[in-house]
Each structure stands twice: as C-alpha cells, then as structure tokens.
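Q: I am new to this structure. Please take a close look at one part, the largest pocket, and at what lies around it.

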Amino acid sequence: MATRRSTRKKVAPRPPTGRLTPKSLGARQDGKDTAEKVLTHAIRELDKHGAVNFSLDRVIASSKVSRSSIYHLFGNRAGVIAQAEARAITLDVSDGAHLLRNLVDRVESKEQLASLIEAWLRDAMSPDRVRQRSRRIANLAASDADGELRAVLKAHLHDVSNVWV
C-alpha cells in the first residue's frame, strides 16, 4: 500500500521578532500583571544602571518572575529594554502633560501663571530631570535606527498625545 503525500505547501515558521507591541503583552490578566511587574522592575533597573549595564538577572531577582516567563512575554533582553524604555518615556510625558494641563486649567491670574511657569522651569532644570531628559533623548535617537523600538514608542506616545485634545 502506497503512502499518501501531502499536497499542502510547507511554510517555514516566522522567527519571533523579540519585541512585542504594547497590546500583546499577555493575553490573560495574569500575563498582563506579570508583564506590568517586570516592566516596573525593568524601569527601575534602567533608571539605576542604564541600557548598557541593564541586567536581566537583577530584574528577575527583584520581580521574582521566572526567566522563561520574561522570555515568553518579551522575547529577549532587548525586548524587555525596549518595552521598559517605551513605558518610561510614555509615563514621563503623560504625567507631565496631565500635571501641566491640570495646573493650567486652575490658573486664575497672570501672577499665578507666571509663578507656575517659574516653578515648572525650576523643576525642569533639576539634576534629576536633566539626567532623565538626557536618557530620553538618547533613547529617542536610538529609536531612529531601531525600527521596532520606534514602533513601540509611536504606539505608546500616540495615547499620550490625546491629553491636549
């Protein structure tokens, strides 16, 4: 008896990209919670050590999330860094935009507005804010060469842009 040959064309599986879009971080709620937990610890790691000295081992230890779960959610170390950078930039921009919008909406006089602008500028020039902006600028510049990071940032920042609408 002859065996039948399949007439279906075999298609090679697509390799994973290593980075995920923000909406695909965990389909189930526990996966989303795990991704959020990892991102929180990854942002702290980036703030403390930067992208070059970023240690996935330290993120694993502090978040208490297994390496396999992190690789399942983010693909690889670069995926964790990209998502954490995008989240950090988005949070910075969103928080600042919302705060400024709320303050401006409450201003009742020119003097209050001038005082608000002065306080805002003083805060903007603090050493921590200067370092934060430097890192953000470096990450945005890096995203120009990294199409996947650029796409993640674009998706995150699109939501923030609605603050002023």
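A: A residue counts as buried when its relative accessible area is under 20%, as exposed when it is over 50%, and as partly exposed in between. By that rule, 30% of the 165 residues of the protein chain are buried. Keep in mind that this is a predicted model.

Start with the layout. The chain has seven helices and zero strands. Read from the N terminus, its elements run α-α-α-α-α-α-α.

Now the pocket. The largest pocket has a volume of about 370 Å³. It is lined by 16 residues, and the closest to its centre are Asp92, Gly96, Trp120, Arg129 and Arg136. Three helices each supply at least two lining residues: α4 (77-106), α5 (110-124) and α6 (127-145). Helix α4 gives the most, with eight residues. Sorted by class, the lining holds eight nonpolar, six charged and two polar residues.

Arg129 deserves a second look. This residue is among those closest to the pocket centre. The side chain of Arg129 also meets that of Asp123 in a salt bridge, at 3.2 Å from N to O. Side chains of opposite charge can pair when their charged atoms come close. Neither partner is buried, because Arg129 has a relative accessible area of 35% and Asp123 one of 38%. Both count as partly exposed.

Stay with helix α5. Glu118 and Arg122 both lie in this helix, four residues apart, about one turn. They form a salt bridge, with the closest N and O atoms 3.1 Å apart. Their exposure classes can be read from the areas. Glu118 is partly exposed at 48%, while Arg122 counts as exposed at 53%.

Helix α5 also has a nonpolar side to its story. Val104, Leu113, Ile117 and Leu121 make a nonpolar surface patch of about 330 Å². Helix α5 gives the most to this patch, with three residues. Leu121 is placed in helix α5.

Finally, step away from the pocket helices. The count of salt bridges comes to six. One of them joins the side chains of Arg67 and Asp57, at 2.2 Å from N to O. Arg67 lies in helix α3 (residues 67-74) and Asp57 in helix α2 (residues 56-63), so the pair ties together parts that are 10 residues apart in sequence. Arg67 is partly exposed, with 38% relative accessibility. Asp57 is partly exposed too, at 48%.

Key. Residues numbered from 1 in each chain as written. Predicted model: local features only at pLDDT ≥ 70, side-chain atom pairs only at ≥ 80, totals over all residues. Heavy atoms only, no water. 1 Å grid on protein atoms, 1.4 Å probe; cavity = no way out; pocket = protein on both sides within 12 Å on 5 of 7 lines; lining within 4 Å. Points joined across faces, edges and corners; volume = space filled by probe spheres on them. Nonpolar A, V, L, I, M, F, W, Y, C, P; charged D, E, K, R; others polar. Patch = residues over 30% accessible without salt bridge, like charges linked within 9 Å, V, L, I, M, F, W, Y side chains within 5 Å. Areas by Shrake-Rupley, 256 points an atom, 1.4 Å probe, with all protein chains shown as cover. Salt bridge = Lys/Arg side-chain N within 4 Å of Asp/Glu carboxyl O. Buried < 20%, exposed > 50% of the residue type's maximum accessible area, 1.4 Å probe, protein only.
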